[in-house]
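Hi,

Here is the structure I said I would pass on. Could you load it up and follow along with the notes underneath?

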Amino acid sequence: GKDTNSTVVALAERVFPPKTTFLSPTEYLNFVKPAIRHTYRGQGQVLSASETLDSRFGEYCVKYTARLRQTGSLVPAGVSEMIFENLGYMCRHPYEPSKIYQLELSERYLPTSSSVLISDGGTEFFNGIRFEPSSNK
């Protein structure tokens with residue numbers, strides 16, 4: 001059979017405009033939601049998606065998930081449908097508050113298969129990540 005499953009790890013850094021402040025983590029959540037939703041726009045039919053505050057990497061951190069159905073030009077030739085899932089965090093760096101880091105694990109597989117990495121919350125991947133003060137200061 002075809003090897004259609006794939007896994008991608010992504011890291012992106014974004015810099016806030018100078019003097020950007022948030023009065024609360026909820027205000028931060030509302031600020032980053034559009035950017036999170038943009039990451040999977042055009043990737044297929046959204047079956048489920050969520051964005052929630054999660055203090056795993058600091059007070060200003062949002063965990064997000066999305067599960068999409070992909071068809072047509074989004075899937076390999078000879079395949080009618082695939083499932084795309086992503087699990088990520090968009091966090092303000094606790095030691096460099098002008099920066100946001102987006103950490104994401106995504107997986108794509110046939111509907112007859114199942115998620116391998118995301119099904120356990122990406123535990124092994126995300127447990128290996130931590131924010132530290134910059135050594136350049």
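Below is what turned up, going from the overall layout to a few side-chain details.

Before anything else, please keep in mind that this is a predicted model.

**Overall layout**

The protein has two helices and five strands, and reading along the sequence gives the order β-α-β-β-β-β-α. If you want a feel for the dimensions, the C-alpha trace spans about 50 × 25 × 25 Å along its principal axes. There are 137 residues, and 35% of them are buried. Of the contacts with a separation of 6 or more, 61% are between residues 24 or more positions apart.

**Helix α1**

The helix I spent time on is α1, which covers residues 25–39. Its length checks out: at 1.5 Å a residue, 15 residues should span 21 Å, and the end C-alpha atoms are indeed 21 Å apart. There is a kink in α1, though, of about 35 degrees at V32, and the proline P34 follows shortly after.

Which residues of α1 are buried? They are P25, Y28, L29, V32 and I36. The spacing is easier to read with a bit of helix geometry in mind: an α-helix has 3.6 residues a turn, so residues three or four places apart point the same way. As for what the buried residues of α1 pack against, the partners are the strands β2 (45–53), β3 (61–71), β4 (81–92) and β5 (99–109).

**Aromatic pairs**

I ran a search over the whole structure, and it came back with eleven aromatic pairs. One of them is Y28 with Y60, an edge-to-face pair with 5.9 Å from centre to centre and 90 degrees between the planes. This pair links distant parts of the chain, since Y28 sits in helix α1 while Y60 is in the loop between β2 and β3, 32 residues apart. Are these two buried or exposed? Y28 counts as buried because its relative accessibility is 0%. Y60 has a relative accessible area of 18%, and with the cut-off for buried at under 20%, Y60 is buried as well.

Another pair is F125 with F126: the ring centres are 4.8 Å apart and the planes are at 75 degrees, so this one is edge-to-face. Here F125 is partly exposed, at 27% relative accessible area, whereas F126 is buried, at 0%. Both rings belong to an aromatic cluster made up of F57, Y89, Y101, F125, F126 and F131.

Back at Y60, there is also a charged neighbour to look at: R92 lies over the face of the Y60 ring, 5.7 Å from its centre.

**The disulfide**

How many disulfides does the structure hold? There is one, and it joins C61 to C91 with an S to S distance of 2.0 Å. C61 is in strand β3 and C91 in strand β4, so the bond ties together parts that are 30 residues apart in sequence. Each of the two cysteines is buried: C61 has 0% relative accessibility, and C91 has a relative accessible area of 0%.

If you only open one view, I'd pick the one around Y60, where you can see the edge-to-face pair with Y28 and R92 over the ring face.

Cheers

Terms used: Residues are numbered from 1 along each chain as its sequence is written. This is a predicted model: local features need pLDDT of at least 70, side-chain atom pairs count only at pLDDT 80 or more; totals for chains, interfaces and linings use all residues. Side-chain values use heavy atoms; hydrogens and water are left out. Helices (H or I, at least four residues) and strands (E, at least two) are DSSP runs, numbered from the N terminus. The expected span of a helix is 1.5 Å times one less than its number of residues. The bend at a residue is the angle between axes fitted to the seven residues ending there and the seven starting there. Buried means under 20% relative accessible area, exposed over 50%, partly exposed in between (1.4 Å probe, protein chains only). Contact means heavy atoms within 4.5 Å. Rings of Phe, Tyr and Trp (its six-membered ring) pair if their centres lie within 6.5 Å; planes under 30 degrees apart count as stacked, over 60 as edge-to-face and the rest as tilted. A charge sits over a ring if NZ of Lys or CZ of Arg is within 6 Å of the ring centre and within 35 degrees of the ring normal. A disulfide is a pair of cysteine sulfur atoms within 2.5 Å.
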